[in-house]
Amino acid sequence: MTANYAFDTQKVNAGYDPADHNYAVSPPIYQTTAYDFKDVEYAKKLFSFEEAGNLYTRIGNPTVSVLEQRVAALDGAAAAIAVGSGMAAVSYALLNVAEGGGRILTSPYLYGGSVDSFKKLYPKFGIHFDYAENIHRPEKLEAEIRPDTKAIYVESISNPSAALLDIGKIAEVAHRHGIPLIVDNTVATPYLYRPFEHGADIVVYSATKGLSGHGNIIAGLVLESGKFNWKSEKFPQFAEAYYTLRDTVTDEHRTFLQVFPETPFTARIRLVYLNFFGAALGPFDAYLALIGLETLSERLSKQVSNAARVAGWLQARKDDVEWVRYPSLGGSPYRALAERDFPKGAGGILAFGFRGSDKQREAFLDAVRLFHYHVNIGDARSLIVDSPNNTHGELEKHEKDLADIPLNLIRLSLGLEDPEDLIADLEQAFEAASAGLKIAV
Ligand SMILES: *Cc1c(COP(=O)(O)O)cnc(C)c1O
C-alpha cells in the first residue's frame with residue numbers, strides 16, 4: 001500500500017508491488033490474450049465476478065491494471081479503467097451515464113472530437129447536448145438543467161483556448177439535481193489539478209497527451225470518485241439484474257450496485273462497454289503510459305514554465321500577435337481561477353491570435369523549424385497547429401465563436417526544450433512571414 005505517500009512517490013510506485021511479479025522492478029508487459037483457469041470451480045467464480053482475477057485481456061490485463069491503479073492513486077479515485085483511446089474514455093463514460101437517452105449539459109469549450117461526436121453521433125443514440133450559456137455563472141446554471149439531464153460534462157483546462165471554469169461551483173449545481181459532474185482532465189493531468197477534490201464525480205483522460213507525454217501511444221482512462229449515489233431512478237442501469245453478475249450458488253442475477261457498491265460506474269464500463277464495444281488498451285501501450293507517468297511532475301512543471309515564458313514573450317510582440325490566451329497571464333479573464341485552483345500552473349498549452357493575412361499565417365506555420373506542426377498535445381516536443389482549420393475544423397462559424405476559437409488562432413503545446421530556442425524559432429518564423437517569405441522545411 002502506497003496510499004499515504006505523496007504524489008511524486010505514488011507516480012513511480014502506486015499500484016505495483018514487485019513481490020507480486022517475480023521482483024521485477026519495472027512492471028512486466030503481460031503480452032497475453034487469456035489466462036488459464038486453474039480449475040472449473042475457479043472458472044465459475046471468475047465468470048460471475050465473485051472472485052477478482054484475470055480472464056481475457058479485452059476486459060483486464062495485469063499491466064493495464066497497474067496503470068489503472070496508479071492513475072487512480074494519483075487522482076484520489078476509488079477506481080479507474082483504462083481503454084484504447086481518450087475518445088473511448090469520453091464515449092464510454094457518456095454512454096454509461098446516459099444510456100437509453102437523455103441530455104448532457106456541457107460547456108462550449110471542448111476538444112474538437114468531443115464536439116463533433118456530440119453533434120453527429122450521440123443524437124442517434126437518443127443523447128442530446130445542451131451548451132450551457134451560464135457556464136461562467138454557476139449560480140444561473142441551475143435553470144439550464146432539464147428533467148432528463150443526466151450529467152454535466154466539462155474540461156478542466158479547455159483545448160485549445162485554455163478556458164478555466166469554477167468546477168467546485170458547477171459540481172454543487174450538479175449535486176443539487178442528483179446528477180454527476182464529469183470532467184475531462186486531459187490537459188491538466190492530476191499533477192496540475194485533481195478534479196475529485198473540487199467535487200467532480202467522474203474524470204476522463206486522453207492518456208495519449210500529457211499523462212503519458214511522449215507522443216507514442218493512444219490511450220484513455222475513466223475514473224470514479226466512489227462518492228456519487230447512483231441509486232436513482234435517473235440511472236436504472238446500475239440497479240438492473242445482470243446475468244454476468246449471477247451468484248454461482250443461488251443463481252440469483254445481481255446488480256452492479258450489489259456487486260460493486262463502491263465502484264459501480266467503472267465496473268459497469270468494464271463489463272458492458274469494454275466487454276461489448278471492445279476498445280481495449282494493449283499491455284505494451286499501458287507499459288509506455290506507466291513509463292511516461294514516472295516523470296509526470298517533472299514534465300508538466302517544465303511545460304508550464306515554458307508555456308508561461310512563451311506566453312509572456314508573445315504578449316509583448318504586438319506587431320505579430322493580436323492576443324494571447326493563457327490563464328496566468330495578466331489580463332486573462334481566468335487569472336483569478338488559475339491562482340486559486342492551479343497553484344502549480346494552468347497547463348502547457350496556449351493559444352494566440354496571429355496578426356496578418358491568411359497567407360502570412362500559413363507562411364508562419366511553414367517557417368517554424370523546431371515546433372512540430374501536427375494535432376497532438378502534451379508531447380515532450382513542442383507542437384504548433386492552426387486549430388480552427390484542423391482540430392476544430394468541423395465547427396461552424398457560430399460554434400467557433402461560442403468556443404472562443406477565432407479564425408486566426410494558433411495553438412502551441414509546449415514541450416521540454418530550452419525556452420530560448422523555442423522563442424528564437426517563433427521569432428524567425430514571424431520574420432519570415434512578415435517578409436512574405438515561405439521557407440521550405
Ligand atoms: C485528445 C483529446 C481527447 C481524445 O483523446 P484520444 O486519445 O486522441 O482519443 C479527448 N479530450 C481531450 C481534451 C483531448 O485533448
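# A tour from helix 1 to the chain's end

Start by selecting Asp8 and Lys11, which both sit in helix 1 (residues 7–13). They are 3 residues apart, about one turn of the helix. This is a predicted model, and every stop below is a stop in that prediction.

**Stop 1: a pair within one helix**

Show the side chains of Asp8 and Lys11. What do they form where they meet? They form a salt bridge, 3.9 Å from N to O. Side chains of opposite charge can pair when their charged atoms come close.

Now check how much of each partner is covered. Is Lys11 buried or exposed? Lys11 has a relative accessible area of 3%. Buried means under 20%, so Lys11 counts as buried. Asp8 reaches 38%, which makes Asp8 partly exposed.

**Stop 2: a negative patch**

Next, select Asp39, Glu41, Glu50 and Glu51. Together these residues form a negative patch on the surface. Click on Glu51. Where is it placed? Glu51 lies in the loop between helix 2 (40–47) and helix 3 (62–75). Its relative accessible area is 33%, so Glu51 is partly exposed.

**Stop 3: a pair that spans the sequence**

Select Lys119 and Glu396. These two residues form a salt bridge, with their closest N and O atoms 4.0 Å apart. What parts does this pair tie together? Lys119 is in helix 5 (residues 112–120). Glu396 is in the loop between strand 11 (383–385) and helix 15 (397–402). The pair therefore ties together parts that are 277 residues apart in sequence.

Look at the cover on both sides. Lys119 counts as partly exposed at 31% relative accessibility. Glu396 is partly exposed too, with a relative accessible area of 44%.

**Stop 4: another distant link**

Move on to Arg317 and Glu427. Their side chains meet in a salt bridge, 3.4 Å from N to O. This pair also links distant parts of the chain, 110 residues apart. Find Arg317 in the loop between helix 12 (296–316) and strand 8 (321–325). Find Glu427 in helix 16 (residues 419–434).

Is Arg317 buried or exposed? Arg317 is buried, with a relative accessible area of 18%. Glu427 is partly exposed, at 30%.

Which residues are joined into one network? Select Asp166, Lys169, Arg340 and Asp341, which are joined by salt bridges that share partners. How many salt bridges are there in the whole structure? A full search finds 22.

**Stop 5: backbone details**

Hide the side chains and follow the backbone. Go to the peptide bond from Asn159 to Pro160. This bond is cis, with omega near 15 degrees. Pro160 lies in the loop between strand 4 (149–155) and helix 7 (167–176).

Stay in that loop and select Ala162, which is also placed between strand 4 and helix 7. What is the phi of Ala162 near? Phi is near 55 degrees, a positive value in a residue other than glycine. Ala162 counts as buried, at 1% relative accessibility.

Now jump to Asp404. Here phi is near 60 degrees, again positive in a residue other than glycine. Asp404 is found in the loop between helix 15 and strand 12 (409–413). At 21% relative accessibility, Asp404 counts as partly exposed. The cut-off for buried is under 20%, so a value of 21% falls outside it.

**Stop 6: after helix 16**

Select Ala435, in the segment after helix 16. Is Ala435 buried or exposed? Ala435 is exposed, with a relative accessible area of 53%. Exposed means over 50%, so this residue passes the cut-off.

Keep Ala435 selected and add Ala163. These residues are 272 apart along the chain. Draw a distance line between their C-alpha atoms. The separation is 33 Å.

**Last stop: the whole view**

Zoom out and colour by secondary structure. How many helices and strands does the protein have? There are 16 helices and 12 strands. The radius of gyration is 23 Å, close to the 22 Å that the globule rule gives for 441 residues. The protein is therefore as compact as a globular protein of that length.

Turn the model along its principal axes. The C-alpha trace spans about 80 × 55 × 35 Å. Finally, colour by accessibility. What share of the 441 residues counts as buried? The share is 58%.

Note on methods: Residues numbered from 1 in each chain as written. Predicted model: local features only at pLDDT ≥ 70, side-chain atom pairs only at ≥ 80, totals over all residues. Heavy atoms only, no water. Patch = residues over 30% accessible without salt bridge, like charges linked within 9 Å, V, L, I, M, F, W, Y side chains within 5 Å. Areas by Shrake-Rupley, 256 points an atom, 1.4 Å probe, with all protein chains shown as cover. Lys, Arg positive; Asp, Glu negative; His and termini not counted. Charge placed at Lys NZ, Arg CZ, Asp CG, Glu CD. Helix = DSSP H or I, 4+ residues; strand = E, 2+ residues; numbered from the N terminus. Buried < 20%, exposed > 50% of the residue type's maximum accessible area, 1.4 Å probe, protein only. Rg over C-alpha atoms; globule rule 2.2 N^0.38 Å.
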